[in-house]
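Open the model in your viewer and keep the sequence panel visible. We will go stop by stop, selecting as we go.

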Amino acid sequence: MVTDLGVQAGDIVLRLPTVLVNHHVPRSLPGSAGTTIISGHEDLPIPTSSLLAHACAAALGELSFGREVQAA
């Protein structure tokens, strides 16, 4: 996952599936089928790239922020 680098044509690393997280309007779109774009530029208010990345990570499971998560 790469955050806040902008979205434009071309691959960051050739033949490596990539997730681009950015809050700016894309300049163009990557040509690679292995690139996924997560953007918040149409949301109001526009979220920061770090908030978008946090939402992506939270969707994968409960966040513990370095602490052990205790079961109830």
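Helices (H or I, at least four residues) and strands (E, at least two) are DSSP runs, numbered from the N terminus. With that in hand, read along the sequence: the pattern is β-β-β-α. That makes one helix and three strands.

This is a predicted model, in which local features need pLDDT of at least 70 and side-chain atom pairs count only at pLDDT 80 or more, while totals for chains, interfaces and linings use all residues. Residues are numbered from 1 along each chain as its sequence is written, and side-chain values use heavy atoms, with hydrogens and water left out.

**Stop 1: the whole chain.** Show all 72 residues; 21% of them count as buried. Buried means under 20% relative accessible area, exposed over 50%, and partly exposed in between (1.4 Å probe, protein chains only).

**Stop 2: the loop between E1 and E2.** Select Arg15, in the loop between strand E1 (2–3) and strand E2 (18–22). Is Arg15 buried or exposed? Arg15 counts as exposed, because its relative accessibility is 79%. Now add Ala33, 18 residues away along the chain. The two C-alpha atoms are separated by 9.6 Å.

Leu16 lies in this loop between E1 and E2 too. Its relative accessibility is 47%, so Leu16 counts as partly exposed. Add Ile12 and Val13: with Leu16, they form a nonpolar patch on the surface. Together the three have about 260 Å² of accessible area. (Such areas come from the Shrake-Rupley method with a 1.4 Å probe; for residues, only the protein chains shown count as cover. Patch residues have over 30% relative accessible area and no salt bridge, and nonpolar side chains, meaning Val, Leu, Ile, Met, Phe, Trp and Tyr, are joined within 5 Å, like charges within 9 Å. A salt bridge is a side-chain nitrogen of Lys or Arg within 4 Å of a carboxyl oxygen of Asp or Glu.)

**Stop 3: Asn22 and His23.** Select Asn22, in strand E2. Asn22 is buried, because its relative accessible area is 2%. Its side chain reaches the backbone nitrogen of His24 at 2.7 Å.

Step on to His23, in the loop between E2 and strand E3 (35–39). Which side chain does the side chain of His23 contact at 2.8 Å? That of Ser49, in a polar contact. (A polar contact is a pair of N or O atoms within 3.5 Å; within protein, one must be able to donate a hydrogen and the other to accept it, and residues adjacent in sequence count only if both atoms are side-chain atoms.) The His23 side chain also makes a polar contact with the side chain of His24, at 3.3 Å.

**Stop 4: helix H1.** Ser49 is one of the buried residues in H1, with Leu52, Ala53 and Cys56. They sit on the same side of H1, because they cover an arc of only 100° around the axis. (The arc is that of the directions from the helix axis to the C-beta atoms.)
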